[in-house]
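User: Hi there! Could you walk me through this chain, one question at a time?

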Amino acid sequence: MEGVCLLIEKMQSVFQILRILAFVGAGFYIAGWAWEFISKGEAKFDDLKKRGTGLLVGFTLLFAIGIVLSFVLSASGQNAIGCAPQLMDGWN
């Protein structure tokens with residue numbers, strides 16, 4: 001696990017940016033989908049049904065990536081994968 005810990009340590013800023021972008025992307029995904037229906041002024045059930053599955057899958061994937069990265073970047077997450085606590089110095 002030492003190699004993974006070194007990778008996490010060296011790519012701190014990249015993981016932080018990815019975590020932020022995953023959460024922001026999930027929010028924009030929902031907002032864009034909702035804005036399209038608001039701007040049209042109507043929402044047919046068939047449109048909701050067709051696009052709803054894609055929305056749920058896309059949102060779930062982006063949100064899950066954010067959650068996983070948050071766990072890996074946390075102290076408990078790093079302890080769980082066997083990394084030393086000193087790696088947490090640059091995360092805050």
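User: Is Phe-28 buried, partly exposed or exposed, and what is its relative accessibility?

Analyst: Happy to help, and a word on the model comes before the answer. This is a predicted model, in which local features need pLDDT of at least 70 and side-chain atom pairs count only at pLDDT 80 or more, while totals for chains, interfaces and linings use all residues. Residues are numbered from 1 along each chain as its sequence is written, and side-chain values use heavy atoms, with hydrogens and water left out. Buried means under 20% relative accessible area, exposed over 50%, and partly exposed in between (1.4 Å probe, protein chains only), so Phe-28 counts as exposed, at 61%.

User: Which residues form a nonpolar patch on the surface with Phe-28?

Analyst: A patch takes residues with over 30% relative accessible area and no salt bridge, joining like charges within 9 Å and nonpolar side chains (Val, Leu, Ile, Met, Phe, Trp, Tyr) within 5 Å. The accessible area of this patch is about 310 Å² together, by the Shrake-Rupley method with a 1.4 Å probe, where for residues only the protein chains shown count as cover. Phe-28 itself lies in helix H2 (residues 12-40). Its partners in the patch are Ile-20 and Val-24.

User: How many helices and strands are there in the chain?

Analyst: Helices (H or I, at least four residues) and strands (E, at least two) are DSSP runs, numbered from the N terminus. Read from the N terminus on, the elements run α-α-α-α. The count is 4 helices and 0 strands.

User: What percentage of the residues count as buried?

Analyst: For context, the chain exposes about 6300 Å², and carbon and sulfur atoms supply 69% of it. The chain has 92 residues, and the buried share of them is 22%.

User: Which residues of H2 are buried, and what do they pack against?

Analyst: H2 has 29 residues and reaches 42 Å from its first C-alpha to its last, close to the 42 Å expected; the expected span is 1.5 Å times one less than the number of residues. Its buried residues are Gln-12, Phe-15, Ala-22, Ala-26, Trp-33 and Phe-37. They pack against helix H1 (2-10) and H3.

User: Why does the length of H3 agree with what a helix should span?

Analyst: H3 (residues 45-73) holds 29 residues, which should span 42 Å at 1.5 Å a residue. The helix also bends by about 35° at Arg-51, the bend being the angle between axes fitted to the seven residues ending there and the seven starting there. The span agrees because the end C-alpha atoms of H3 are apart by 41 Å.

User: Which residues does Leu-55 touch, not counting residues up to four places away in sequence?

Analyst: Leu-55 is found in helix H3 and is buried, with a relative accessible area of 8%. The buried residues of H3 pack against H2 and helix H4 (75-80). The C-alpha atoms of Leu-55 and Trp-33, 22 residues apart along the chain, are separated by 7.7 Å. With contact meaning heavy atoms within 4.5 Å, Leu-55 touches Tyr-29, Ile-30 and Trp-33.

User: What is the C-alpha to C-alpha separation of Ile-67 and Phe-23?

Analyst: Ile-67 lies in helix H3 and is partly exposed, with a relative accessible area of 42%. In sequence, Ile-67 and Phe-23 are 44 residues apart. In space, C-alpha to C-alpha, they are apart by 8.6 Å.

User: How far apart are the C-alpha atoms of Gly-27 and Phe-63?

Analyst: Gly-27 has its place in helix H2 and counts as partly exposed, at 39% relative accessibility. Along the chain, Gly-27 and Phe-63 are 36 residues apart. Their C-alpha atoms are separated by 8.9 Å.

User: Which residue forms a salt bridge with Glu-36?

Analyst: A salt bridge is a side-chain nitrogen of Lys or Arg within 4 Å of a carboxyl oxygen of Asp or Glu, and the structure holds 1. Glu-36 is partly exposed at 29% relative accessibility, and its partner is partly exposed too, at 49%. The two are 4 residues apart in helix H2, which means that about one helical turn separates them. With the closest N and O atoms 3.7 Å apart, the partner of Glu-36 is Lys-40.
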